[in-house]
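Here is a short report on a two-chain model. Please look at the sequence and structure first.

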Amino acid sequence: MKPLLLHGHERAITQIKYNREGDLLFSCAKDHTPNVWFSLNGERLGTFNGHNGAVWGIDVNWDSTRVITGAADNTCRIWDLETGTEITTISTENAVRSCGFSYSGKQIMYTTDKSMGFESSVYVFDLEAGKQLLGEDSLMKAQSSGNKITSAIWGPLDEYIITGHENGDLVKWDVLTGNQIQRVQEHKGTINDLQHYKDQSMFITASKDKTAKLFDTATFEHLKTYKTERPVNSAAISPIRDHVVLGGGQEAMDVTTTSARAGKFDARFFHLVFEDEFGRVKDHFGPINSVAFHPDGKSYSSGGEDGYVRVHVFDPPYFDFLFEC
Amino acid sequence: MNTRLSKMAEDSDLMRNEDDLCLEDAEDVVVENGFGEEPNFSDPEDYIDDITDDELVGDLLKNKPKETDGFESVIVVDGIPQVGQERQEKLEKVIHKIYSKFGKIITEHYPKDENLKTKGYVFLEYSCPAHALEAVKMTNGYKLDKQHTFSVNLLTDFDKYENVCDDLEPPTPQPYVDHGNLWYWLEDPDCYDQYSVIYEGGAMSAVFLNSHPEPTPLRTRERWTESILVWSPLGTYLATFHQRGLALWGGEDFRQIMKFQHSRIQFIDFSPKENYLVTFSPEPDNRDDQQEIIIWDVRTGLKKRAFHADHLNEPTVWPMFKWSPNDKYFARMTQETLSIYETPSFGLLDKKSLKVAGMRNFSWSPSDNIIAYWVAEDKDVPARVTLIEIPSRRELRAKNLFNVADCKMHWQKCGDYLCVKVDRYSKSKKEKSEWKYSGLYYNFEIFHMREKQIPVDSVEIKEYITAFAWEPVGSKFAVIHGETPHISVSFYGIKGGGISFLKKFERKQFNHLFWSPNGQFIVLAGLRTMNGSLEFVDTSDFTVMAQSDHFMATDVEWDPTGRYVSSGVSHWAHKVDNGYWLWTFQGKIIRRHPMDGFCQMLWRPRPLTLLSEEKIKEIKKNLKKYSAQFEIKDRMSLSKASKELVEKRKKVMEDFRSYRERKREEFIKLKTQRLELRDGVDTDELDSHLENLEEETVEFFVKEELKVIEE
């Protein structure tokens, strides 16, 4: 399985995401220009120009008309996908860490970092209210006192937002009131990434504590744990098979002090139910910062600290492989 | 001796009487100088006082000097020369000179016999008891000359020894504690070995059985030890370190068997047959007046003897005491003196130490009561390696060596050979009281211990030697030599009295040698800085059975049977990827055990086999027969394990399926809400909203091929 190498970024990739159909692949990096690619052949469709800082998060709405990006230049921007033009800019007090469209695509949320006297917060805007689109008045704002939000996704049906925190906490926020509905702590380290299963009934976390965990979305019940020896930066669940893929490795700041071999920059495949590792893909020469499954489950992509996005199409033996049970 | 003591006691009584006499004299003087004219206040002669002295001056009487007061300041020095009157003054001068060092001497008394000859002992009174005590401590055993050795006691000691109760009160025997079968692990039906592991940075300790296909935890304990775990040399006990001392564990459920109180123990050392235990604490608890080194009896837990460590003057070298192979003797070297002690008396062998000027180091043969030591070069006197037999101290063999910078002694485990690695120099220069050597080259002096007269062979290697190791059973040895990147591993063998070169592996990355405890197989390892490269070699024909690596490995350990090898990355040396791996002796990886904060893994040693040599030969001959049985057994346990795993997976899968089924139902129920949110478009499945899909043909350039067609 020879991967497609998408070389369009100059710095470390921070997040990659497929659109609902999977024909497009979105990527953002520490350089200031998010990209969009054809997932089939790796051809670049276009760029989103305008940010003046590292772009930490990217998302696309369900009907692939709008793109949202959040960056360290203290802005969250919404773009028209077809033309690549900026629709609006929401100025924030702090760097934006993650952002996303709700199930309906009518609402957006983003989270900000903690610094300069401002607490890390989560914001929700209604895209159909004109004032809000200008960033003047938010539908909801909630602060996470003292405990930085490091990743966030929408819950199903526009009802709540799930945030992962620096200390390993998972919190569920009510979109209407801004109250915390639920809080659990199952991780011992920063939660770097959150991704839903295709029907959003489960989600997977990726943590610096070297594990990834599977949770029930509605109850926050901890279902499974996938253990590695390195910090996990990202994890994704296959839409067609009982598999998960984990990406991570030695922390970027320590990479120069150890050889690539000790860094363990492999993408690692685990069985969703048995929690056993059954395969690795060695590819990047830096830590993997983001992984994503194609919605058809026949390929996956990874974005690394090395600045490359790689699209891997599974070979037939992958689909024949069965665990003994 | 007893008569002598009682005689001295009498004399001391005599001295008391003399003191009394003096007092009486003093009273007389007072009367003489009295004032005669004063009115007489005295009671009439026959007046009987009805007030007792106690009532009148009770408080003063408490302070009344007692006969025994001041006795603590008196010492008795026995063993001084017996002289006549004419030389007494001289004797007094000598004694005074020795004893006035410790404090002011108030009285001296030399008892004499009828011929006015001194009796050979003297009473000395100091101004305070502390001085007396110091004098006893420092001069007991003092040698005046060849004939006269002082034995010094406090006078109060006599009372102590006199009042020893005549009736012996037998000590009550301690109830016998049954620790069960301490050797139970040797009876394991599958002959699995055990090993201890410290992990979570030292917080957790555990003992595992190396069973197949998964190791079985036997005992896990939080904070079992405060530093490390140590197995006794025959594997009977597991020692744990604690603030207050040391504990030994054993038996089937690893119960505590014995405790040794010695605070802040830093090092321990078992005697080879596990009878005794030496503990060392650099700063023992002062309250209990403990000493730095204590030797214990392992079975009774009793302190046998304690020593002070002279660690201020010399760096601590452990083991400080080296044991003879049968636990009969132990020896310690201090500044050119070799002190050999005997068990079970724990006294100095023949009551004297062995003084050898310039002695640098010594070691015991692992099989016989033979000590080898080496003496450094001194001006024109060559360096010398000497073998002596204990207890006779007979010199068995000595070998002179020239241009020696340093020596290291390596005994072969069976005691058949001794190799002295000699670092020799071409030039030497003295710099700031330290010798600097240059142009170093290396010699191996091989002593053939089992041959008559112990012949010595020599091998010279020009390159720097990193490691040397004897084959534990057999006559081969391996050497790592050279500097990176030209490191080589060479093998030599002893055949028919001579040494022959066998094999050389060149351009390798190794710094450690690990022979199998049964010989023949060796693991060459490049630990720590060499990234953990491992090579498994069969030295019967020098085939490399496997080349592998355990990245950043810090340790390699053979199991006591020579069937398995473990490699580990210890948290103490390296902070990431801690854990231990198990290999077969052929270098096939069996299992990787990543473990957070893994520190130390130690195989439980086994005692020597009880089988006779013929029996072992017979077993080796029939190995094929046995191996077939074992293979069947292994396969069965493997299939059983995989069956168990499959069953476990089945159960987990069923649970998960039913969970998913529940979720699926919930998902279907919410369909209307989803449709509402997405403007009636069904997006549940990729192909559920077909009109949304457009068939698109994408063409892209794959490859351009240019071919020149033949004309």
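## Repeats, cores and contact

Residues 6–37 of chain A are 0% helix and 50% strand, with end C-alpha atoms 8 Å apart. Helices (H or I, at least four residues) and strands (E, at least two) are DSSP runs, numbered from the N terminus. The model is predicted: local features need pLDDT of at least 70, side-chain atom pairs count only at pLDDT 80 or more, and totals for chains, interfaces and linings use all residues. Residues are numbered from 1 along each chain as its sequence is written, while chains are lettered from A and ligands numbered from 1 in the order in which they are written.

UniProt (unreviewed entry) places "repeat: WD" at several stretches of chain A, including 6–37 and 281–311. Its positions use the numbering here, feature names are shortened, and annotations may be inferred rather than shown by experiment.

| Stretch of chain A | Helix | Strand | End C-alpha atoms |
|---|---|---|---|
| residues 6–37 | 0% | 50% | 8 Å apart |
| residues 281–311 | 0% | 52% | 12 Å apart |

Chain B has eight helices and 42 strands. Of its 711 residues, 24% are buried (20 or more other C-beta atoms within 10 Å of the residue's own, C-beta atoms being placed from the backbone).

The largest nonpolar core (buried Ala, Val, Leu, Ile, Met, Phe, Trp, Tyr and Cys residues joined through C-beta atoms within 7 Å) has 103 residues. Ile371(B), Ile522(B) and Val523(B) touch the most other members. Strand E21 (residues 370–375) of chain B gives the largest share, six residues. Another core, of 75 residues, lies apart from it and includes Ile16(A) and Ala292(A).

The chains also meet: 22 residues from chain A and 20 residues from chain B are in the contact (C-beta atoms, placed from the backbone, within 7 Å).

Note on methods: Two residues are in contact if their C-beta atoms, placed from the backbone, lie within 7 Å. A residue is buried if 20 or more other C-beta atoms lie within 10 Å of its own, exposed if 12 or fewer, and partly exposed in between; C-beta atoms are placed from the backbone.
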